[in-house]
Amino acid sequence: MNLIHLDANARGEDVSAALERDGAVVVDNVLSSGQVDDLMAELRPWIEHTKAGFDSFSGRNTRRTGALIARSPKCRELVMHPLALATCGRFLGHATSYQLHLTQVISIGPGEPAQTIHRDQWAFDFFSFPKGYEVQCNTIWAMTDFNELNGATRVIPGSNRFDDKMRFKEEETIPAEMTRGSVLFYGGSVYHGGGANRSGQTRTGINLTYNLSWLRQEENQYLACPPEIARTLPVGLLRLMGYQLGAYALGYVGDALDPIQVLRPDLNGFGFGYLEGTAEKLRKQQSELWGQDRK
Amino acid sequence: MSIPHIGPDARCEDVLAAIDCNGAVVIDRLASAEMMDRIGSELRPWVEKSPAGRDGFEGRRTRRTGGLIARSQTARELVMNPLVLGVAKQILSHATSFQMHVTQVITIGPEEPAQPIHRDQWAFDSYPFAKDYPVSFGTMWAMTDFTVENGATRIVVGSHKFDDQLRFTEADTEPAEMLKGSVLLYPGTTYHGAGANRSNGSRSGITIQYNVSWLRQEENQYLSVPVEIARTLPLELLRLIGYQRGAYSLGYVDDLRDPIEVVRPDLAKRDRVRPESPP
């Protein structure tokens, strides 16, 4: 089975449809070479100061550099990329809302063996979500070319419909080869893993993942982005980072306050700055459960 | 069926057996009336300033006051009550770990109608968890006596084993009457709701809930507890309120650091680059 490639003009609904079918898709050449250069210029000092992983799953020759919202203004723009948000809006649209789950540069060094094939949604304590109920949407933005030799992500297209907790070998997977500036989208249910890096160069990608906002975030955005930086960020980005309620009431502060008021006391009111459609979905859910509308 | 009561010297397994059978249990006077009064006086300024609810579910004559870890030193003892933690650990034992989910004083004023009967774990976007996989565990500590007249919590006894998304009326429920200092325990799967307050006084209770640590917390502890207060808290309490990873890696900060290092840098295991100090 092949991995679908779409061109840079693809719409969110096209990417989402491919994800629903195969669990993974590459959109080619979304970023220009100059945009990749700008991202890497901001990220390089942080990557160089990052230590390698502490076990074979995180990768002993792999550096994982997080807190990209705090560390890289260009990454903030990437998190809010219209294609990523449009895709998540469709692919994760069965839930009331979604949020940013993690930000991480993954730099796989020469000699790193292949990562164990897994589903990312196993992060949620290996809870078996039913087939078709997607809980997260990943993006890996290629900062170098991704090829079979340097450890391109290995995927099993269509495995989003497989049973849970299966084991696979590398030969059952295919490499998500892509050019620098392209982006691999994949759902939390698709079996995949980082490839072995048999080249002499480091393979670098920016992993930005979104998940349903009733689940815990992998990267704690409240702690990873200091408040003095957070206060300067656009409201739309803050909402996505978790400064908004999930579902009816998850994540409030103090006396049931909207968490954004911790940073921005000037903002108030349910619905302001929420992702498109969230308020309507909530009203419908409340109405179904209790026959009552939130005023 | 009625809600069983058990003494404050009960063993964890007795409490669990009562919950398994009925979906709820009251432990009589697990805290002293004096302790509840102390919590009441620590929280009074905050309760008086809390706004009433915005809809029929929150209750337009009901005040909800959160942030108890930051605001009441004595309430932290309720959160860490060893018997309650022992029961929570067992109820949520199918998950790797659990965390504190919510702290809230609920003050129900006179003439408040009954709250709709619900499951607390509907908070998770109404995801239909399997019956044998409760994801949250609730406690309600009585700050006043709870009576039928003043709106004692109404429980559909045995409903933790029922199907999801059912609707009930008050006639299907039993009141969890209890004395001040007693605590009502129930898993997130038990159908319940606050009773109507037909008395002249307020009914006041503290709900402290726990959930499996791969789910989001209802009350954001990172934002509700200022870091200067967090630094003074016991390590076990910090871990419980979310300063620990859930499952393999949920909730780390920057380069896979344990979140506890943000408030307790002295516990850092590895030298790492902080987001606030560029290399």
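Tutor: Helices and strands are DSSP runs, numbered from the N terminus: H or I over at least four residues for a helix, E over at least two for a strand. This is a predicted model: local features need pLDDT of at least 70, side-chain atom pairs count only at pLDDT 80 or more, and totals for chains, interfaces and linings use all residues. Residues are numbered from 1 along each chain as its sequence is written, chains are lettered from A and ligands numbered from 1 in the order in which they are written, and side-chain values use heavy atoms, leaving out hydrogens and water.

Student: Which strand gives the most to the lining of the largest pocket?

Tutor: β4(A), with five residues. In chain A, β3 (62-65), β4 (98-108), β5 (136-142), β9 (192-193) and β10 (203-212) each supply at least two.

Student: What makes a space a pocket and not a cavity?

Tutor: Whether the probe can leave. On a 1 Å grid over the protein atoms alone, a 1.4 Å probe fits in a cavity but cannot get out; a pocket is open, with protein on both sides within 12 Å along at least five of seven lines. Lining residues have an atom within 4 Å of a point. Points join across faces, edges and corners, and the volume is the space filled by probe spheres set on them. By that measure the largest pocket has about 860 Å³. Of its 47 lining residues, A:Phe57, A:Gln115, A:His118, A:Asp120 and B:Tyr248 are closest to the centre.

Student: How many cavities of 30 Å³ or more are there?

Tutor: Four. The largest holds about 140 Å³. Its lining has 13 residues, with A:Arg216, A:Tyr222, B:Arg216, B:Gln217 and B:Tyr222 nearest the centre.

Student: What classes make up the two linings?

Tutor: Ala, Val, Leu, Ile, Met, Phe, Trp, Tyr, Cys and Pro are nonpolar, Asp, Glu, Lys and Arg charged, the others, Gly among them, polar. The pocket lining then splits into 19 nonpolar, 19 polar and nine charged. The lining of the largest cavity has four, seven and two, in that order.

Student: Why are β1 and β3 of chain A called edge strands?

Tutor: Each pairs on one side only, where pairing takes at least two DSSP bridges between two strands. The open sheet runs β1-β2-β8-β5-β10-β4-β3 in chain A, with mixed pairing. Neighbours are turned by 25° on average, direction ignored.

Student: What makes β2(A) and β8(A) a pair?

Tutor: Four bridges, antiparallel. That meets the bridge criterion, so they count as paired. A:Ala24 faces A:Tyr186 of β8(A).

Student: Which strands does β10(A) pair with in the antiparallel sense?

Tutor: β4(A), over 10 bridges, and β5(A), over seven. A:Ser107 stands opposite A:Thr204, while A:Ala142 is bridged to A:Gly205.

Student: What does helix α1 of chain A pack on?

Tutor: The sheet: α1 (12-22) touches β1, β2, β5 and β8 of chain A, contact being heavy atoms within 4.5 Å. The helix makes about 145° with β2(A); axes are fitted to C-alpha atoms, for helices over the stretch in contact, and angles run from 0 to 180 degrees between N-to-C directions. Helix α2 (33-48) of chain A lies across β3, β4, β5 and β10, at about 105° to β3(A).

Student: Why is A:Gln121 called buried?

Tutor: Its relative accessibility is 3%. Buried means under 20% relative accessible area, exposed over 50%, partly exposed in between (1.4 Å probe, protein chains only). So A:Gln121 qualifies. This residue lies in the loop between β4 and β5 of chain A. Among the residues touched are A:Phe129, A:Glu134 and A:Gly188.

Student: How many residues of β10(A) are buried?

Tutor: 10 of 10.

How values were computed:
Lists of a residue's contacts leave out its neighbours within four places in sequence.
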